[in-house]
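Got the viewer open? Let's take a walk through this model, one selection at a time.

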Amino acid sequence: MTSAQRFDPPTITVSVGEPVVFVNESDEAHTVTADENALPEEGKYFASGGFDDEADARANPSEAFILEGETYSVEFDTPGRYEYFCIPHEASGMKGSIVVEA
């Protein structure tokens with residue numbers, strides 16, 4: 001996560017079970033929030049703050065903030081493409097995707 005309000009890189013490819021670690025390298029608070037409408041079939045929802053769904057994450061973004069120097073880690077059990085975004089910077093295009101391969 002960068003001060004340019006971007007995920008860098010915007011798309012990554014990982015294997016099932018490989019951890020993805022987001023590091024906030026900016027002085028702004030960011031979130032990592034899965035797009036519920038863009039999860040693969042049987043793909044598990046994920047969000048910083050530990051929310052169970054996108055509605056809860058959007059209702060409580062400050063509880064999901066990843067501050068400067070902090071990290072958030074997630075692993076995927078189901079192959080497919082996962083889309084995600086930062087709630088406070090979604091409108092400015094802070095979005096990304098993770099391709100999970102078997």
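**Pockets and rings**

Start with the second largest pocket, which has a volume of about 150 Å³. Keep in mind that this is a predicted model. To see the walls of this pocket, select Glu42, Lys44, Tyr45, Phe46, Tyr72, Val74, Glu75, Phe76, Asp77, Thr78 and Tyr82. Try colouring them by class: you should get 6 nonpolar, 1 polar and 4 charged residues.

Next stop: the largest pocket, with a volume of about 200 Å³. Select its lining: Met1, Thr2, Phe7, Asp8, Pro9, Ile12, Val20, Val21, Phe22, Val23, Glu25 and Tyr84. Which strand gives the most to this lining? That's strand 2 (residues 20-23), with 4 residues. Colour by class again, and the lining splits into 9 nonpolar, 1 polar and 2 charged residues.

Now for the rings. The whole structure holds 8 aromatic pairs. Zoom in on Phe7 and Phe22, an edge-to-face pair with 6.0 Å from centre to centre and 75° between the planes. Phe7 sits in the segment before strand 1 (11-15) and Phe22 in strand 2, so this pair ties together parts 15 residues apart in sequence. Are these two buried or exposed? Phe7 is buried at 5% relative accessibility, and Phe22 is buried too, at 6%.

Keep Phe22 selected and add Tyr84: they also pair edge-to-face, 5.3 Å centre to centre with 80° between the planes. Tyr84 belongs to strand 5 (residues 80-85) and Phe22 to strand 2, so here the linked parts are 62 residues apart in sequence. Tyr84 counts as buried, at 5% relative accessibility.

Last selection: Phe7, Phe22, Phe46, Tyr72, Phe76, Tyr82 and Tyr84, a cluster linked by ring pairs.

Conventions: Residues numbered from 1 in each chain as written. Predicted model: local features only at pLDDT ≥ 70, side-chain atom pairs only at ≥ 80, totals over all residues. Heavy atoms only, no water. 1 Å grid on protein atoms, 1.4 Å probe; cavity = no way out; pocket = protein on both sides within 12 Å on 5 of 7 lines; lining within 4 Å. Points joined across faces, edges and corners; volume = space filled by probe spheres on them. Helix = DSSP H or I, 4+ residues; strand = E, 2+ residues; numbered from the N terminus. Nonpolar A, V, L, I, M, F, W, Y, C, P; charged D, E, K, R; others polar. Phe/Tyr/Trp six-rings, centres within 6.5 Å; stacked < 30°, edge-to-face > 60°. Buried < 20%, exposed > 50% of the residue type's maximum accessible area, 1.4 Å probe, protein only.
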